[in-house]
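Biologist: Could you take me through this protein chain step by step, so that I learn how to read it?

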Amino acid sequence: MLEQLNRAMDEIERGLDGSIDVAGLARTAMTSEHHFRRLFSALAGIPLSEYVRRRRLTVAGAEVLAGERTLLEIAVRYGYGSGEAFARAFRAQHGVGPGDARRTGATLHAQPRMSFRLTVEGSTSMRYRLVEKERFQVVGYRARVPLVHEGVNPAIAEFVRGLGPEAVAAVAALADQEPAGIVAVCDNLDGSRAEGTELDYYHGAVTSAAVPEGMAALPVDAGLWAVFESSGAFPQTLQYLWRDVFTQWFPSNPYRSRPGPELLRVRLSPDGASADAELWIPVERA
């Protein structure tokens, strides 16, 4: 797997001054485009699109300082439709415009080229099971919220607080199948999974009941799910669980993620400092 991933990284470098075919990268990595994006984000710590943007502006920065091409030629070479668009992106990464950088020989910020290497991990076992589920629905309250990679998502926290205890109890009463109780469901995420992009968040229950007035329903196709269990500090343990699933479990098991919502069932301790969790990820045989 690492060899195929690093071949895909080589393809990214060759495509920095042209178009990069993510589907082609996924084929090189011998997986699906959906799983490749997810795996890259987990391993690299940033979305694929953000890495490509930073690398392009890094090599473009070197050409700006070299002075062999005009700024407009460099902008077009690295995919920007105008000098103004290039200048805005350049300033966002380097803290200085390309013209000033060329005139003053300014210090720039480089995104190093990434490669993946094997490290010995996995000393702590992961608890998981595989569940084949028929088509089902999640019913509850829905909000469109920004994606937050670390810490509590303030938009989700505010949304749940605003529901009130009666609404939350009404959702919990709907649950009649696995995963039991109230589930936090993330769906319709942006393909880049960049910080701040939006997703549909459901505070709901998996149920066969009719949809009550004022609630929303999310139909979910039949398929295979990998269910991971974790206990520890909240919310760090939950976020580390997602990371470990993609950086440790998937590379060592014959499965890959498939499109679909992610379901999280959390049982908080009385003081809210720790939690027991089940994370449901839609998977398929690799």
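Biologist: How many helices and strands does the secondary structure of the protein chain come to?
Modeller: Please keep in mind that this is a predicted model. Along its principal axes the C-alpha trace spans about 70 × 40 × 35 Å. The secondary structure within that trace comes to 10 helices and nine strands.

Biologist: Among contacts between residues at least 6 apart in sequence, what percentage join residues at least 24 apart?
Modeller: The protein chain has 286 residues, of which 45% are buried. When contacts between residues at least 6 apart in sequence are considered, the share that joins residues at least 24 apart is 72%.

Biologist: Which residues of the largest nonpolar core touch the most other members?
Modeller: In soluble globular proteins, nonpolar side chains tend to be buried together. Here the largest nonpolar core has 19 residues, and helix 1 (2-14), helix 2 (22-28), helix 3 and helix 4 (48-66) each supply at least two of them. The members that touch the most others are Met-9, Ile-12, Phe-36, Phe-40, Leu-48, Tyr-51 and Met-114.

Biologist: Which residues does Leu-48 touch, not counting those up to four places away in sequence?
Modeller: Leu-48 is one of the core residues that touch the most other members. Once residues up to four places away in sequence are set aside, the residues touched by Leu-48 are Ile-12, Val-22, Leu-25, Phe-36, Arg-37 and Phe-40.

Biologist: How many residues are in the second, separate core?
Modeller: This second core is separate from the largest one, and it includes Tyr-141, Ile-156, Leu-163 and Leu-174. Its number of residues is 15.

Biologist: Are helix 1 and helix 4 roughly parallel or oblique to each other?
Modeller: The axes of helix 1 and helix 4 come within 10 Å and cross at roughly 45 degrees, and helix 1 passes helix 4 in a right-handed crossing. The contact is made by Met-9, Ile-12 and Glu-13 of helix 1 together with Leu-48, Tyr-51, Val-52 and Arg-55 of helix 4, and by class it has five nonpolar, no polar and two charged residues. Since angles under 35 degrees would count as roughly parallel, the pair of helix 1 and helix 4 is therefore oblique.

Biologist: How are helix 3 and helix 10 placed relative to each other, and what is the word for it?
Modeller: Helix 3 (residues 33-44) and helix 10 (residues 236-249) pack at an angle of about 115 degrees, with their axes 9 Å apart, and the crossing of helix 3 past helix 10 is left-handed. On the side of helix 3 the contact is made by His-35, Arg-38, Leu-39, Ala-42 and Leu-43, while helix 10 contributes Trp-242, Phe-246 and Thr-247; these residues divide into five nonpolar, two polar and one charged. With angles of 65 to 115 degrees counted in this class, helix 3 and helix 10 are therefore roughly perpendicular.

Biologist: Is Ala-8 buried or exposed?
Modeller: Ala-8 is found in helix 1 and, leaving aside neighbours within four places in sequence, is in contact with Leu-25, Thr-28 and Phe-36. Ala-8 and Ala-29 are 21 residues apart in sequence and 6.1 Å apart in space, C-alpha to C-alpha. Because the relative accessibility of Ala-8 is 0%, this residue counts as buried.

Biologist: Is Asp-244 buried or exposed?
Modeller: Asp-244 has its place in helix 10, and it touches Met-126 and Trp-249 when residues up to four places away in sequence are not counted. The cut-off for a buried residue is under 20% relative accessible area, so with a value of 19% Asp-244 is buried.

Biologist: Is Met-30 buried or exposed?
Modeller: Met-30 is found in the loop between helix 2 and helix 3, and its phi is near 60 degrees, a positive value in a residue other than glycine. Because its relative accessible area is 62%, Met-30 is exposed.

Biologist: Which residues does a cis peptide bond join?
Modeller: One partner is a proline in the loop between helix 9 (165-174) and strand 3 (182-187). The omega of the bond is about -10 degrees, and the residues joined are Glu-178 and Pro-179.

Notes. Residues numbered from 1 in each chain as written. Predicted model: local features only at pLDDT ≥ 70, side-chain atom pairs only at ≥ 80, totals over all residues. Heavy atoms only, no water. Axes fitted to C-alpha atoms, helices over the stretch in contact; angles between N-to-C directions. Helix = DSSP H or I, 4+ residues; strand = E, 2+ residues; numbered from the N terminus. Parallel < 35°, antiparallel > 145°, perpendicular 65-115°, else oblique. Left-handed = near helix turned anticlockwise from the far one by under 90°. Contact = heavy atoms within 4.5 Å. Nonpolar A, V, L, I, M, F, W, Y, C, P; charged D, E, K, R; others polar. Core = buried A, V, L, I, M, F, W, Y, C linked by side-chain atoms within 4.5 Å. Buried < 20%, exposed > 50% of the residue type's maximum accessible area, 1.4 Å probe, protein only.
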